[in-house]
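Here are some notes to read alongside the coordinates, set out as numbered points on side-chain packing.

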Amino acid sequence: MLRNLRAEMARIDVKTADIAELLSVRYGTVNDKLNGKTDFSVSHAAKIKNEFFPEQDIEYLFESKENKPCKN
């Protein structure tokens, strides 16, 4: 799950439907990607970041639990 992206979406009131419209894909497709069932392509991730979250790092937005750096 993309917790950071979801948190930022909630913070500025970006809806799943807004992202689906931006990417010209189905709502369900975006929902699957947000839930970690499939991944966003690099071009889609960049488009989302640039349109809705220009002040955020793409690495932060699309960090998943699986690729989070381990703490020693």
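**Notes on aromatic pairs and the core**

1. Searching the whole structure, which is a predicted model, turns up 2 aromatic pairs. One of them joins Phe-40 and Phe-62 in an edge-to-face arrangement, with 5.6 Å centre to centre and 75° between the planes. Because Phe-40 belongs to the loop between H3 and H4 while Phe-62 belongs to the segment after H5, this pair ties together parts that are 22 residues apart in sequence. Both Phe-40 and Phe-62 are buried.

2. Between Phe-52 and Phe-53 the ring centres are 6.1 Å apart and the planes stand at 55°, so this pair is tilted; Phe-52 and Phe-53 are buried as well.

3. The ring of Phe-40 has a further partner, in that the charged end of Lys-33 sits over it at 5.9 Å from its centre.

4. The largest nonpolar core comprises 17 residues, and those with the most contacts inside it are Leu-5, Ile-19, Phe-40, Ile-48, Phe-53 and Phe-62. Two or more residues are given to this core by each of helix H1 (3-12), helix H2 (16-23), helix H3 (27-34) and helix H4 (42-52), and the largest share, 4 residues, comes from H2.

5. Which residues of H4 are buried? They are Ala-45, Ile-48, Lys-49 and Phe-52, and because they cover an arc of only 100° around the axis, they lie on the same side of H4. An α-helix has 3.6 residues a turn, so residues three or four places apart point the same way. Val-42, Ser-43 and Asn-50, on the other side of H4, are exposed, whereas the buried residues of H4 pack against H1, H2 and helix H5 (58-61).

Terms used
Residues numbered from 1 in each chain as written. Predicted model: local features only at pLDDT ≥ 70, side-chain atom pairs only at ≥ 80, totals over all residues. Heavy atoms only, no water. Core = buried A, V, L, I, M, F, W, Y, C linked by side-chain atoms within 4.5 Å. Buried < 20%, exposed > 50% of the residue type's maximum accessible area, 1.4 Å probe, protein only. Arc of directions from axis to C-beta. Contact = heavy atoms within 4.5 Å. Phe/Tyr/Trp six-rings, centres within 6.5 Å; stacked < 30°, edge-to-face > 60°. Lys NZ or Arg CZ within 6 Å of the ring centre and 35° of its normal.
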